[in-house]
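User: Could you walk me through how to read the core and the pocket of a protein model?

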Amino acid sequence: MPSPLDELRQQISGSYLQQVSRQVGADEAQTRRALDAALPTILDGLAKNARDPKARAALEQALDKDHDGSVLDDLGDYFNNPKSDEGAAIMKHVFGERRGQIESRLGGKLGLSTGSTAQLLAVLAPLLMGILGKAKRGGGGGGASAGGTDWTQILRGGLGGLGGKAGCLAAVLPLLGRLLKR
């Protein structure tokens, strides 16, 4: 059964992938590779933060207050009007001082400018928070028919939360590991 992240990755295709590509100024193949790297980068940042009790409490509060998963209900509307400001704020909370460094290094590895990488991460962050919020409320996506996916399981899954379907991850896993340890 696909994970909620697998489902999101699959949904960001076709016209949605074209829209994201235009927003970040890259072709679709490059954008797909960047998505495959960006999703686990954000997820692992969230998981790392959730290990700290204060950061975990702040994450839970954000999920309760601002991220109910409704952003996932109409991806067409979202990609026409992405919440980049909200996404940038999420990225600031997730990576703090390391944000610029992660954006720069990830962009360099993928052949994107730092600005394009920052834009991509800002577009994806609200979607990932939506997945976590939906799972926290019991509508976890992929496993909903079997009782949902606990949001903490998604975080514990980290890079594994994307499953084996994200073929491009193998090429960027070493980079992501180095970025997230700094």
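Analyst: Happy to; here is a short tour of the core, one residue and the pocket. This is a predicted model, where local features need pLDDT of at least 70, side-chain atom pairs count only at pLDDT 80 or more, and totals for chains, interfaces and linings use all residues. Residues are numbered from 1 along each chain as its sequence is written, and side-chain values use heavy atoms, leaving out hydrogens and water.

User: Which residues of the largest nonpolar core touch the most other members?

Analyst: In soluble globular proteins, nonpolar side chains tend to be buried together. A nonpolar core is a set of buried Ala, Val, Leu, Ile, Met, Phe, Trp, Tyr and Cys residues joined through side-chain atoms within 4.5 Å; buried means under 20% relative accessible area (1.4 Å probe, protein chains only). Here the largest core has 41 residues, and L8, I12, F79, L120, L124 and L127 touch the most other members. Helix α8 (114-136) supplies the largest share, ten residues. Helices are DSSP runs (H or I, at least four residues), numbered from the N terminus.

User: Is T31 buried or exposed?

Analyst: T31 is buried, at a relative accessible area of 1%. This residue sits in helix α3 (residues 28-50).

User: What about the largest pocket?

Analyst: A pocket is an open set of points on a 1 Å grid over the protein atoms alone, where a 1.4 Å probe fits, with protein on both sides within 12 Å along at least five of seven lines; lining residues have an atom within 4 Å of a point. The largest pocket has a volume (the space filled by probe spheres set on the points) of about 390 Å³. Of its 16 lining residues, A58, L59, A62, H93 and M129 are the closest to its centre. Helix α4 gives the most to this lining, seven residues.

Methods
Helix = DSSP H or I, 4+ residues; strand = E, 2+ residues; numbered from the N terminus. Buried < 20%, exposed > 50% of the residue type's maximum accessible area, 1.4 Å probe, protein only.
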